[in-house]
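Good morning, colleagues. Please take a moment to look at the sequence and the model on the screen before I begin.

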Amino acid sequence: MIEQRQGYSTTARVMHWIIAVLVLLMIPAGITMIQEGISRPLQDTLFLFHKNTGVIVLLLMVARLLYRRAKPPPPLPATVPDWQRRAAGLSHGALYVLLFVMPISGYVRVRAERYPIEGLDALGIGTLLPHSKALAGFAQGLHQAAAFLLIAVLLVHIGAALQHAFIRKDGVFSRMWPPFER
Ligand code: HEM
């Protein structure tokens with residue numbers, strides 16, 4: 001009998017944990033950099049980090065989605081009840097959508113006002129977006145609303161993961177941890 005894989009592949013794990021660390025840095029950086037009264041050098045550094053890392057997150061998300069399509073995740077253990085499967089499906093779907101909406105809206109917010117994205121500028125990658133304050137304002141509102149949603153879904157996601165790891169101990173957490181398949 002062919003034994004079915006229980007956990008995610010090393011490639012899927014590495015992409016998950018790199019994106020997780022970057023997003024967990026992006027959120028406090030994004031919130032801090034728009035606070036009034038922070039020093040200019042700190043603000044500039046946070047903007048530099050936030051904009052350029054955000055573009056990297058978008059590229060990683062594209063790679064992750066393509067990989068997932070080519071290699072779907074292994075099935076959950078049979079012990080996981082139906083409602084939890086549905087909740088997991090919904091929250092994972094929301095995370096995918098939000099992790100595309102966040103960098104795309106951030107990009108539009110910045111580029112529609114012709115602000116720099118230093119990494120892309122250095123590579124000579126311009127933008128086809130029109131110069132539009134209205135578009136930038138719309139993208140800014142979307143970025144903020146999606147950030148609230150993202151934080152809420154992440155709290156549920158992390159809470160569920162910790163519950164599987166330390167309370168249920170049902171093998172769900174070890175599908176994604178450690179970052180390299182044993
Ligand atoms: C995974 C990707 C991203 C995450 C998780 C993220 C997260 C955030 C968060 C939490 C805020 C604070 C929102 C608020 O309280 O108003 C923020 C603000 C901001 N982000 Fe992002 N962001 C991402 C990608 C990007 C990208 C790619 C860019 C630009 C290239 C960008 C540009 C900005 C700008 C300019 C602001 C300030 C918005 C304002 O003008 O009020 N973000 N981001």
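Which pocket is taken up by the ligand? The ligand occupies the second largest pocket. I should say at once that this is a predicted model, and the values I quote are computed from it.

Four helices each give two or more residues to the shell around the ligand: helix H1 (10-33), helix H2 (40-70), helix H3 (82-111) and helix H5 (133-168). The shell has 24 residues, and those that come nearest to the ligand are His 50, Arg 109, Gln 140, His 143 and Gln 144. By class, 15 residues of the shell are nonpolar, seven are polar and two are charged.

Let me turn to the polar contacts of the ligand. For Arg 109, a side-chain N or O atom is 2.9 Å from an oxygen atom of the ligand. The side chain of Gln 140 likewise places an N or O atom 2.9 Å from a ligand oxygen. For the side chain of Gln 144, the corresponding distance to an oxygen atom of the ligand is 3.1 Å.

I now come to His 50, one of the residues that come nearest to the ligand. His 50 belongs to helix H2. Is His 50 buried or exposed? His 50 has a relative accessibility of 13%, and therefore counts as buried. A polar atom of the His 50 side chain lies 3.3 Å from the backbone oxygen of Met 26. Setting aside neighbours within four places in sequence, the contacts of His 50 are Met 26, Ala 29, Gly 30, Met 33 and His 143. His 143 also appears among the residues that come nearest to the ligand.

A further histidine, His 16, is found in helix H1. His 16 is buried because its relative accessibility is 13%. Apart from residues up to four places away in sequence, His 16 touches Arg 64, His 157 and Met 176.

Next, I should like to look at how helices H3 and H5 meet. Ala 139 lies in helix H5. With a relative accessibility of 4%, Ala 139 counts as buried. What separates the C-alpha atoms of Ala 139 and Ser 105? The two residues are 34 residues apart along the chain, and their C-alpha atoms are separated by 5.0 Å. Ala 139 touches Ser 105, Val 108 and Arg 109, if residues up to four places away in sequence are not counted. Arg 109 is the residue I mentioned earlier, with a side-chain N or O atom 2.9 Å from a ligand oxygen.

Leu 98 is located in helix H3. Leu 98 has a relative accessible area of 8%, and so is buried. The C-alpha atoms of Leu 98 and Leu 149 are separated by 7.9 Å, although the two residues are 51 residues apart along the chain. Beyond its neighbours within four places in sequence, Leu 98 is in contact with Pro 103, Ala 146, Leu 149, Leu 150 and Val 153.

Allow me to move to the backbone. Most residues other than glycine have a negative phi, and most peptide bonds are trans. Which residues and bonds depart from this pattern here? Arg 114 is not a glycine, yet has a positive phi of about 65°. Arg 114 is placed in the loop between H3 and helix H4 (118-122), and its relative accessibility of 42% makes Arg 114 partly exposed. Lys 169, also a residue other than glycine, has a positive phi near 45°. Lys 169 sits in the segment after H5 and, at 63% relative accessibility, counts as exposed. The peptide bond from Trp 177 to Pro 178 is cis, with omega near 0°. Pro 178 is likewise in the segment after H5.

Finally, the chain as a whole. How many helices and strands does the chain have? There are five helices and zero strands, and from the N terminus on the elements run α-α-α-α-α. Along the principal axes, the C-alpha atoms fill a box of roughly 60 × 35 × 30 Å. Of the 182 residues in the chain, 32% are buried. Considering contacts between residues at least 6 apart in sequence, 72% join residues at least 24 apart. The pairs Ala 139 with Ser 105 and Leu 98 with Leu 149 are examples of contacts that I have described.

Definitions and conventions. Residues numbered from 1 in each chain as written. Predicted model: local features only at pLDDT ≥ 70, side-chain atom pairs only at ≥ 80, totals over all residues. Heavy atoms only, no water. Near = heavy atom within 4 Å. Polar contact = N/O pair within 3.5 Å; in protein donor to acceptor, adjacent residues only side chain to side chain. 1 Å grid on protein atoms, 1.4 Å probe; cavity = no way out; pocket = protein on both sides within 12 Å on 5 of 7 lines; lining within 4 Å. Sits in = over half its atoms within 2 Å of the grid points. Nonpolar A, V, L, I, M, F, W, Y, C, P; charged D, E, K, R; others polar. Buried < 20%, exposed > 50% of the residue type's maximum accessible area, 1.4 Å probe, protein only. Contact = heavy atoms within 4.5 Å.
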